[in-house]
Amino acid sequence: MDITEIKKIINDFLSNEFEIEEEQLKETAKLKDDLKIDSLDFVDIAVEVEKQFKFKITANEMSSIQTLGEFYTFISNRLSAVTKE
Amino acid sequence: MENRRVVITGFGIYSSIGQNEKEVLDSLRTGRSGIGIDPTRTEYGYSSILTGIVQQPDLKPYLNRKQRIYLSEEAEYAYISTLEALNKANISPENTQDNTIGILFGNDSSTKAIIEAHEDACKSKDTMMMGQSAVFKTMNSNITMNLSSIFNLQGISLSVSAACASSSHTIGLGMALIKQGWQDIIVCGGAQEVNTFSMASFDAIGAFSKRVSDPTKASRPFDKNRDGLVPSGGAATVILEEYEHAKRRNAPIYGEIIGYGFSSSGGSLATPSYDGYKKAIQNSLHNAGISAADIDYVNAHATSTILGDAAEAKVIHDLMGDVPVSSTKSMTGHECWMAGASEIIYSLLMMNNQFIAPNINFEEGDEATSVLNLITKTTEKKINTFLSNSFGFGGTNSCLIVRKI
């Protein structure tokens with residue numbers, strides 16, 4: 001899965017399920033401060049990650065991710081690691 | 001403390017016979033049934049697929065995502081009925097920011113939320129797959145916690161689980177708290193989920209009417225050929241307020257709660273109790289300081305079951321003779337946890353519009369029920385004081401008396 005596809009899946013989810021305006025979905029956007037995603041929302045994000053990308057993400061991993069760009073990169077890296085295995 | 005009186009300054013209703021006051025009033029006047037069938041119940045294994053038909057409200061125009069996702073089905077109904085009630089009472093979130101406004105809501109299940117969360121976890125062997133909303137949707141207090149948050153209520157927040165008397169008790173307890181000076185305004189009420197999961201256990205014990213071929217005729221309280229209740233639901237909200245407080249802010253006043261009586265029947269969990277019913281009615285009359293002769297109308301609990309209707313008919317006749325009686329469950333079905341509050345609203349609408357809604361589907365009484373002065377056609381009638389009965393599984397009984405003001 002390439003980064004473009006990953007971004008589309010994540011953005012569609014944030015747009016449809018979290019009702020975040022598409023123009024807010026910038027790579028520099030901070031998850032907590034700009035997109036208003038709180039620690040409870042991380043649970044729903046973890047559910048979606050498992051459904052879409054077939055791996056588990058922990059609460060600690062989620063809380064270490066600051067921006068949307070970092071989130072795309074995190075998903076991409078984990079998928080690459082799985083592929084290499 | 002001075003003698004604090006408790007009045008109703010707002011109400012809201014979302015039920016199978018209407019989604020607001022106007023629709024419900026029209027249904028009550030015309031004797032319209034809200035009963036239909038739910039074909040999905042056949043696949044689930046129900047022996048009766050009869051149910052009140054209640055539409056899911058679209059809350060997107062009212063609430064943001066964070067406010068919506070924690071609401072169970074019954075809490076969605078409760079939000080709509082409470083919004084209507086607060087609007088009527090001229091109360092907005094801007095003026096609820098002190099701790100004299102609380103909420104007591106009747107709810108005794110959140111079955112769908114629990115089953116769905118459980119299925120999600122079982123499939124994945126991971127509780128996180130329930131998602132963030134499960135914890136707030138599955139608790140019995142999901143309505144009071146959500147509505148307190150949404151409407152910024154800062155007084156008491158308490159859920160009452162007392163089977164089919166749940167929401168009647170909230171109004172009685174709300175009256176007591178206001179009379180004691182603990183609160184000036186309390187949002188009272190009850191809600192009932194209507195989904196397939198919610199009523200399966202009642203179907204399992206054969207509680208439901210089997211008159212599936214003729215849904216609108218199935219709920220027939222006091223009729224000789226009644227064969228069980230029809231499950232239904234939605235939500236009903238009643239705003240209780242201290243009388244002087246209501247007058248000071250020019251709030252509308254729809255009636256005064258003057259009596260609350262309760263009892264527990266003891267003994268059997270499911271068998272109706274003549275003595276339990278009688279004690280609750282007598283206690284409500286005593287609490288109101290009036291006699292049975294002062295009651296102009298009784299909104300019966302009668303759910304269309306053989307034993308329950310018979311016991312209630314005998315008690316009403318023994319205590320109140322030929323007082324006019326009807327069961328609005330003939331139209332709505334049994335709204336269970338919400339029934340106590342919804343039936344206060346149905347009766348309030350009758351009192352304030354001077355009529356008695358009919359006990360539809362009654363053709364002929366049996367030995368026990370034919371003693372009643374049952375109102376089977378819409379009847380013009382000036383009502384000054386009414387009694388509303390609610391009796392629940394486990395023998396929890398609650399009776400309320402409301403007077404015109």
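Colleague: Which residues does B:Pro231 touch, not counting residues up to four places away in sequence?

Modeller: Keep in mind that we're looking at a predicted model. Here B:Pro231 touches B:Thr51, B:Gly52, B:Met199, B:Phe202, B:Phe208, B:Gly333, B:His334 and B:Cys336.

Colleague: And where is B:Pro231 found in chain B?

Modeller: Look at the loop between helix 9 (200-204) and strand 7 (234-242) of chain B; that's where B:Pro231 is.

Colleague: Does B:Pro231 count as buried or exposed?

Modeller: A residue is buried if 20 or more other C-beta atoms lie within 10 Å of its own. B:Pro231 has 29 such neighbours, so it counts as buried.

Colleague: Okay, now helices. What describes two packed helices?

Modeller: You give the angle between their axes and the distance between the axes. Try helix 1 (residues 21-30) and helix 14 (residues 339-353) of chain B: the angle is about 75°, and the axes are 10 Å apart. Angles of 65 to 115 degrees count as roughly perpendicular, so that's the word for this pair.

Colleague: Which residues make that contact?

Modeller: Helix 1 of chain B brings B:Val24, B:Leu25 and B:Leu28, while helix 14 of chain B brings B:Tyr346, B:Leu349, B:Met350 and B:Asn353. Sorted by class, that's six nonpolar residues, one polar and no charged ones.

Colleague: Last one: where in chain A is confidence lowest, and where is it highest?

Modeller: The lowest is helix 3 (residues 59-64) of chain A, with a mean of 90, and the highest is helix 1 (residues 3-16) of chain A, at 96. Chain A as a whole averages a pLDDT of 93, and 98% of its residues score at least 70.

How values were computed. Residues numbered from 1 in each chain as written. Chains lettered and ligands numbered in written order. Predicted model: local features only at pLDDT ≥ 70, side-chain atom pairs only at ≥ 80, totals over all residues. pLDDT = per-residue confidence, 0-100. Helix = DSSP H or I, 4+ residues; strand = E, 2+ residues; numbered from the N terminus. Buried ≥ 20, exposed ≤ 12 C-beta atoms within 10 Å, placed from the backbone. Contact = placed C-beta atoms within 7 Å. Axes fitted to C-alpha atoms, helices over the stretch in contact; angles between N-to-C directions. Parallel < 35°, antiparallel > 145°, perpendicular 65-115°, else oblique. Nonpolar A, V, L, I, M, F, W, Y, C, P; charged D, E, K, R; others polar.
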